[in-house]
Amino acid sequence: MDALDQQILQILAADGRATWAEIAERLSMSPPAIADRVRKLEDRGVIKGYTVLLNPASVGSELLAFVFLRFRPGQPYDELIERVSAHPNVLEAHHVAGEFDFLVKFRCGGVADLERIVVEEFRDRLGCERTNTVIALSTAKETSALPIRAPDATAR
């Protein structure tokens with residue numbers, strides 16, 4: 001990935017709806033050249049997809065919580081990953097080191113909704129033996145944008 005690819009990624013990260021023509025104009029290139037580069041970035045898996053950012057409160061997901069989960073020993077790891085990842089209220093699920101197995105980022109309607117999910121769906125159905133929940137009071141920053149590093153001149 002060269003500096004031009006990085007510029008394209010920065011533009012798309014800031015505005016995923018930017019057209020090839022808009023990107024081309026900003027970078028003094030032709031739209032077909034930009035389209036070709038974007039397709040190559042997609043083919044290589046650098047660009048995994050495109051999405052829309054929703055206002056959580058407008059879709060009934062006001063509560064943001066981070067829940068550490070520890071499962072009973074012997075639980076099938078692949079099945080846990082699949083079931084945790086498939087849950088509609090789970091935004092992120094990370095296998096972590098330490099006393100817990102997973103750190104899960106939830107969005108849901110409120111505390112009662114979170115309690116139902118954690119108790120009924122994770123403790124009772126999946127065999128979660130211990131949890132630790134942190135509820136966000138407010139959010140100072142929430143983004144899916146990644147820092148894009150300059151190409152390493154030594155890696156050729």
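These legends cover close-up views of a predicted model.

**View 1. Pro-56 in its loop.**
Pro-56 sits in the loop that runs between helix 3 (31-43) and strand 1 (63-71). Its relative accessible area is 24%, so Pro-56 counts as partly exposed. Beyond residues up to four places away in sequence, Pro-56 touches Ser-61, Glu-62 and Arg-107. Leu-27 is 29 residues from Pro-56 in sequence. In space, the two C-alpha atoms are 34 Å apart.

**View 2. The open sheet and its edges.**
Four strands make up an open sheet. Their order is 2-3-1-4, and the pairing is antiparallel. Strand 2 (90-95) and strand 4 (128-135) are the edge strands, each pairing on one side only. On average, neighbouring strands of this sheet are turned by 20° against each other, direction ignored.

**View 3. The pairing of strand 1 with strand 3.**
Strands of a sheet pair through backbone hydrogen bonds, in either a parallel or an antiparallel sense. Here strand 1 and strand 3 (residues 102-108) pair in the antiparallel sense. Seven bridges join them. Leu-63 stands opposite Cys-108 of strand 3.

**View 4. Two helices packed on the sheet.**
Helix 4 (residues 77-86) packs on the sheet and touches strand 1, strand 2 and strand 3. The direction of helix 4 makes about 20° with that of strand 3. Helix 5 (residues 111-126) also packs on the sheet. Helix 5 touches strand 1, strand 2, strand 3 and strand 4. Its direction makes about 20° with that of strand 1.

**View 5. Arg-107 and its surroundings.**
Arg-107 belongs to strand 3. With a relative accessible area of 11%, Arg-107 is buried, because the cut-off for buried is under 20%. Neighbours within four places in sequence aside, its contacts include Leu-63, Leu-64, Asn-89 and Leu-91. Thr-139 and Glu-142 are also among them.

**View 6. Polar atoms around the Arg-107 side chain.**
A polar atom of the Arg-107 side chain lies 3.4 Å from the backbone oxygen of Ser-61. The backbone oxygen of Glu-62 likewise lies 3.4 Å from a polar atom of that side chain. Pro-56 is in contact with Arg-107, and Pro-56 also touches Ser-61 and Glu-62. Pro-56 is partly exposed, whereas Arg-107 is buried.

Technical notes. Residues numbered from 1 in each chain as written. Predicted model: local features only at pLDDT ≥ 70, side-chain atom pairs only at ≥ 80, totals over all residues. Heavy atoms only, no water. Buried < 20%, exposed > 50% of the residue type's maximum accessible area, 1.4 Å probe, protein only. Contact = heavy atoms within 4.5 Å. Pairing = 2+ DSSP bridges. Axes fitted to C-alpha atoms, helices over the stretch in contact; angles between N-to-C directions. Polar contact = N/O pair within 3.5 Å; in protein donor to acceptor, adjacent residues only side chain to side chain.
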